[in-house]
Every structure is written in structure tokens, then in C-alpha cells.
Amino acid sequence: MSKLLVTGGAGYIGSHTVRALQDANHEVVVLDNFSAGHLEALPDGVAIVQADLLDEEAVRAALRDHQPDAVVHFAALIEVGESMSDPRRFYRNNLLGSLNLANALLDTRTAENTPVPVVFSSTAAVYGEAEVIPIPEDAPKRPTSVYGETKLSFEHVLSAYDRAYGLPHINLRYFNVSGAHASGEIGEAHPNKTHLIELALLTALGQREKMKIFGTDYPTPDGTCVRDYIHVDDLASAHVLAVQALLDGSPSTAYNVGLGHGFSVKEVLDAADRVVGTPIPREIAPRRPGDPAFLVAESSRIKAELGWAPQYTDLDQIVESAWRWHRRYPHGFEKATR
Ligand code: UDP
């Protein structure tokens, strides 16, 4: 059993990972500013530090007080559209916040003078418009959004710090995370809703009038963007494996986490229609700035090297798990209707 500090642990992916880490017998401390995370998303037995990564001293204090064996770093802003309209906020939160964490890790090195290792929540958005699909980890990194740039910038910080100071890290580049915990008790509940599957299901629940399809003129088979949808519990298990690899002394690296199959926006909406049992109203809208046409993972490396084996391999299954959560908690954690 090891002790792990999870930043952003009260968020969507964070809270699923916290459970998976506990299930793997780790002790978990969550550091979260609760700007988007939910206290209700945290299971019993987790220590909570309410702090912002922009508060350097608070981050150092959390590391000193809890002395984790490794850190899993999720805390970040995530909306691509907002990153384009408010880059200042994104660089500040995602880059400066992460830099504070990395610096605090150096400032609180162990007796052996090595900083504790980090699993970093990176993204497929670091690749931008890829030339080779599925995208391998060594593909060129040309983010089309500020969100992707902030994540790539911190990957660069981590590799420079590793070279200079020995900061072991694994960057997990997530593709499109979706679905909800098998228990049905936690799921996606962002304050600003932008993700396709969540929006489609909330539209089915009557909370929105219509789905907008952002662009039908992409160079894809049906003209809508293609994404690799990965279940949040499978992503959580990738973190458990990455943490273990670092604790076992694995060298720093990056892994894609996706299924390796793409689905278009139209295909996702059709799957949502099948799952909810009625057609979800939709209309065609202009492209959303920052969206590349294709994002599909080449994910054989994490399977081969860490033994990662995703359980949810079917789109309908992923959408069904999200539907269970949204139907049960139509207004998320704020107004749970059990
Ligand atoms: N999308 C859409 N309508 C929506 C939300 C998303 O057409 O209301 C599209 C979006 O343009 C992208 C895909 O669905 O091509 C997935 O978007 P999402 O925001 O879920 O994830 P992202 O790919 O930005 O991480």
C-alpha cells in the first residue's frame, strides 16, 4: 500500500481514479479547490486538502504534511472552447498551477534527494491535426487549442525537470473520456457542460432543446469529427497501472489512453438515441474553434508495457453507463434525486 496525493481528485476523472486507487489498496489524499469538483464525489476514507495549485505554499504544505509516495495530477481547466476565448485563464491555471506543483515536488524532496513521481493528466489534444491515424505517442505535437498547448507545455516542463533533477513521470494522454462509474453513484457533472455524450443525454432528459452538431464539413466519412471514446473506469485503471509502474522504478514516458477506434459525432448521437430509446433532437451548427477532425489513439504501448486491458469496448455500453448516472442524478451532485 502506498500513499498518493491526487490533485483535482474531486473532479470527474479524478473521483473515478480515487476509487480505483482505493480498490488497489492505496491510501489517497485529495487536493482540490472545488471550483469544478464535488465533495459528494469523494468516497469515505479519503483525506481532503482544500487548496488551489496557484497557492504555492499550500501545495508545499500538503506535500510536507502528507508525504505521498507519488502524485496523480488532474487539477486543470478542460474546455477547449473556453481555452480559445480566455487563454490567460488557461495558462494561469493549467501551466502556472502545474509548475507550482512541480516546484513544490523539488522543494520537498525525500531524504534520498529524489522528488516523488508524478502521473500527469495529459490529453490527445497535444497532437492537434494528426497525419497518421491512429496516432502513435511519437507523432508530432501541434495542438490546435490553447487547452492542448497548456498540457503540452507542462509535458515539456516535466521532461526538462526529469533531465535536470530526476523527476520520474508518466504522461497519460487521454482521448475522449466518457461514461460513469459502474456503481452509478458518480459520473460527469461539470459546471459548464460541453462534452458531447453528457450534453446528448441531458438533451434526452429535456434539459436542453436540441443538440448542436459542430461542423459537418470535416474531411471525415460523414463530415463530423471523429473521436476515440474511452470509459472513465478504464482510464482510472490506466492511472493505477501508471502509478504502480513509477513506484516500481519505471522510467519516465508517455502513453495514449484510448480504445483505438473512432466514432463520429453523428455515430455517437445515434448510439445515444438507441440507449435512451427516442431520437434526440439535433441541428447542424458551425465548427467549434480548436477542434481537429480526427483524434484516434494508437494505444498498443500501454497495453503491452503496463498490461492495460479496457473493459468497455463498445460505444453503446459506454453511453449506457453514462445514461444510468444522468437518469439517476439528472442535476448532478447538487440536486441528487435518488
Ligand atoms: N460536439 C458537438 N456538439 C456538442 C458538443 C460536442 O458536435 O454539443 C463535438 C465536438 O465538436 C467534437 C466532439 O463532439 O468534435 C467531441 O467533443 P467533446 O467536447 O465531447 O470533447 P473534445 O473532443 O473537445 O475533448
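Biologist: What does the domain assignment of the chain give?
Modeller: This is a predicted model, so keep that in mind throughout. The assignment cuts the chain into two pieces that each use separate stretches of sequence. Domain 2 takes 196-227 + 260-328, and domain 1 takes 3-177 + 229-257.

Biologist: How many Å separate the centres of domain 1 and domain 2?
Modeller: The centres are taken over C-alpha atoms. On that basis, the separation between domain 1 and domain 2 is 24 Å.

Biologist: And which element gives the most to the side of domain 1 that touches domain 2?
Modeller: The contact draws 29 residues from domain 1 and 26 residues from domain 2. On the domain 1 side, helix H3 (80-85), strand S10 (229-231), H7 and strand S11 (253-257) are the elements that give two or more residues. With 6 residues, the top contributor there is H7.

Biologist: How do the residues on that side of domain 1 divide by class?
Modeller: We're still on the side of domain 1 that touches domain 2, where H7 gives the most. Sorted by class, its residues come out as 17 nonpolar, 9 polar and 3 charged.

Biologist: H7 packs with H1 too, then; how are H1 and H7 oriented to each other, oblique or parallel?
Modeller: Helix H1 (residues 12-23) and helix H7 (residues 232-247) have axes 8 Å apart, at an angle of about 60°. Angles under 35 degrees count as roughly parallel, and 65 to 115 as roughly perpendicular. The angle between H1 and H7 is about 60°, so the pair is oblique.

Biologist: Which residues of H7 make the contact with H1?
Modeller: H1 passes H7 in a right-handed crossing. From H1 come Tyr12, Ile13, His16, Thr17, Ala20 and Leu21. The contact residues divide into 8 nonpolar, 4 polar and 1 charged. On the H7 side they are Val232, Asp233, Leu235, Ala236, Ser237, His239 and Val240.

Biologist: What about H2 and H4: is the crossing left-handed or right-handed?
Modeller: Helix H2 (residues 56-66) and helix H4 (residues 87-107) pack at about 45°, with axes 9 Å apart. That angle makes them oblique, therefore. As for the hand of the H2 and H4 crossing, it is right-handed.

Biologist: How many charged residues does the contact of H2 with H4 have?
Modeller: H2 brings Glu56, Val59, Arg60 and Leu63. These meet Asn100, Leu101, Ala104, Leu105 and Asp107 in H4. By class there are 5 nonpolar and 1 polar, and the charged ones number 3.

Biologist: Over to the ligand: which element gives the most to the shell around it?
Modeller: There are 15 residues around the ligand, and His195, Leu196, Phe214, Cys225 and Val265 come nearest. Helix H6 (196-204) and strand S8 (211-214) are the elements that give two or more residues to that shell. The shell's residues divide into 8 nonpolar, 3 polar and 4 charged. The most, 4 residues, comes from S8.

Biologist: Any backbone oddities? Which residues does a cis peptide bond join?
Modeller: Most residues other than glycine have a negative phi, and most peptide bonds are trans. Here there's a cis bond with omega about -5°. Its proline sits in the loop between strand S5 (118-123) and helix H5 (146-165). The pair joined is Ile133 and Pro134.

Biologist: And which residue has a positive phi although it is not a glycine?
Modeller: Look in the loop between H1 and strand S2 (27-32). The phi there is about 70°, and the residue is Asn25.

How values were computed
Residues are numbered from 1 along each chain as its sequence is written. This is a predicted model: local features need pLDDT of at least 70, side-chain atom pairs count only at pLDDT 80 or more; totals for chains, interfaces and linings use all residues. Axes are lines fitted to C-alpha atoms, for helices over the stretch in contact, and angles run from 0 to 180 degrees between N-to-C directions. Angles under 35 degrees count as roughly parallel, over 145 as roughly antiparallel, 65 to 115 as roughly perpendicular and the rest as oblique. A crossing is left-handed if the near helix is turned anticlockwise from the far one by less than a right angle, and right-handed if clockwise. Two residues are in contact if their C-beta atoms, placed from the backbone, lie within 7 Å. Ala, Val, Leu, Ile, Met, Phe, Trp, Tyr, Cys and Pro count as nonpolar, Asp, Glu, Lys and Arg as charged, and the others, Gly among them, as polar. A residue is near a molecule or strand if its C-beta atom, placed from the backbone, lies within 6 Å of it. Domain bounds come from an automatic or database domain assignment.
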